Amino acid sequence: MEILHLITGQLATNTYILKEKGQNLLIDPSGKAEKIIAHLDGTVDAILLTHGHFDHIKAVDQLYQQYNCKVYLNKNDWSLVDPSLAPTINAFRVGRTTLTSSISAPLCDLGPNRYEIGPFVFEAIATPGHTEGSMILIFGENIFTGDTLFKEGVGRTDLYGGSSSKLKDSLRVFKELAGNYRIYPGHDEFSTLDHELVFNPYLFG
């Protein structure tokens, strides 16, 4: 499986394109749909969203219209992307500008489970805390952590649906994994599980 990394969206979000046998999965297409499309060849099997924050979803509707693919998001975050609710509960102030986004495409629930989508096999694990519906996605030795875990840090918990106590509980997942997984977060640099277990203070204890 090939992993292609693009930085897109209004807050420099990491968007990932997974390629296998002429098929593609998209993880957190956060903006610049044309840029993403330029890197696609073959079919798009699905769009997977680690959570529903506006800076991870902005290109979803355009990509859905282009490829008619399924869009997966944990149901606990569906309210965040609801067009009638997003301007209130899924918005972020940058100076005098309010950033927000929503999804009109139909959604499939991304619940905790093992999935086979085309040639792609992965496990989705619930990690509430950054949002109520945050998920991590494990493809072999690769973990896409969204905003649950960053290199030497974690996602904020002061936005709608966030909970510091739930995030603390969710982080135990990483300490229970066996192996040195590659960590692909929602923002900033990549890492490894071995590195995080040593240098990420949120995983101590």
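# A walk through loops, salt bridges and pockets

Let's begin at Lys 21, which sits in the loop between strand E2 (13-20) and strand E3 (23-27). Before going further, keep in mind that the structure above is a predicted model. Lys 21 has a phi angle near 55 degrees, a positive value in a residue that is not glycine. Is Lys 21 buried or exposed? Its relative accessibility is 71%, and because the cut-off for exposed is over 50%, Lys 21 counts as exposed.

Now move along to Asp 28, in the loop between E3 and helix H1 (33-37). Asp 28 is another residue to look at for its backbone: phi is positive here too, at about 55 degrees, although Asp 28 is not a glycine. Its surroundings tell another story, though. Asp 28 has a relative accessible area of 2%, and since buried means under 20%, Asp 28 is buried.

Next, try looking for places where the chain comes back towards itself. Gln 10 lies in the loop between strand E1 (2-8) and E2. With a relative accessibility of 40%, Gln 10 counts as partly exposed. Which distance separates the C-alpha atoms of Gln 10 and Phe 54? These two residues are 44 residues apart along the chain, and their C-alpha atoms are separated by 9.2 Å. Ser 79 offers a second example of this kind. You can find Ser 79 in helix H3 (residues 78-81), where its 27% relative accessibility makes it partly exposed. Along the sequence, Ser 79 and Gly 52 are 27 residues apart, while in space the distance from C-alpha to C-alpha is 8.5 Å.

Let's turn to charged side chains. How many salt bridges does the count come to? The count is seven salt bridges, and we can visit some of them. One joins Glu 189 to Lys 151, with the closest N and O atoms 3.3 Å apart. Glu 189 lies in the loop between strand E15 (182-185) and strand E16 (191-192), and Lys 151 in the loop between strand E13 (149-150) and strand E14 (153-154), so this pair ties together parts that are 38 residues apart in sequence. The two partners fall into separate accessibility classes: Glu 189 is exposed, at 52% relative accessible area, whereas Lys 151 is partly exposed, at 31% relative accessibility.

Another salt bridge is formed by the side chains of Arg 156 and Asp 158, with a distance of 2.7 Å from N to O. Here Arg 156 is partly exposed at 38% relative accessibility, and Asp 158 is exposed at 55%. A further bridge brings together the side chains of Arg 172 and Asp 169, at 3.3 Å from N to O. Arg 172 has 46% relative accessibility and so counts as partly exposed, and Asp 169, at 41%, is partly exposed as well. Remember Arg 156 and Arg 172, as we will meet them again.

That brings us to the pockets. The largest pocket has a volume of about 230 Å³. Of the 17 residues lining this pocket, those closest to its centre are His 53, Asp 55, Phe 92, Arg 156 and Leu 159. So Arg 156 appears here as well as in its salt bridge with Asp 158. What is the make-up of this lining by class? The residues divide into nine nonpolar, five polar and three charged.

The second largest pocket has a volume of about 150 Å³. It is lined by Val 154, Leu 167, Lys 168, Leu 171, Arg 172, Lys 175, Tyr 202 and Phe 204. Arg 172, the salt-bridge partner of Asp 169, is thus one of the residues lining this pocket. Which helices each supply at least two residues of this lining? They are helix H5 (164-170) and helix H6 (172-176). By class, the lining of this second pocket holds five nonpolar and three charged residues, with no polar ones.

Our last stop is back on the surface. Leu 197, Val 198 and Phe 199 form a nonpolar patch there, and together they have about 260 Å² of accessible area. To find the patch, look for helix H7 (residues 193-199), which contains Val 198.

Terms used. Residues are numbered from 1 along each chain as its sequence is written. This is a predicted model: local features need pLDDT of at least 70, side-chain atom pairs count only at pLDDT 80 or more; totals for chains, interfaces and linings use all residues. Side-chain values use heavy atoms; hydrogens and water are left out. On a 1 Å grid over the protein atoms alone, a cavity is a set of points where a 1.4 Å probe fits but cannot get out, and a pocket is an open set with protein on both sides within 12 Å along at least five of seven lines; lining residues have an atom within 4 Å of a point. Grid points are joined across faces, edges and corners, and a volume is the space filled by probe spheres set on the points. Ala, Val, Leu, Ile, Met, Phe, Trp, Tyr, Cys and Pro count as nonpolar, Asp, Glu, Lys and Arg as charged, and the others, Gly among them, as polar. Helices (H or I, at least four residues) and strands (E, at least two) are DSSP runs, numbered from the N terminus. Patches are made of residues with over 30% relative accessible area and no salt bridge: like charges are joined within 9 Å, nonpolar side chains (Val, Leu, Ile, Met, Phe, Trp, Tyr) within 5 Å. Accessible areas come from the Shrake-Rupley method with a 1.4 Å probe; for residues, only the protein chains shown count as cover. A salt bridge is a side-chain nitrogen of Lys or Arg within 4 Å of a carboxyl oxygen of Asp or Glu. Buried means under 20% relative accessible area, exposed over 50%, partly exposed in between (1.4 Å probe, protein chains only).
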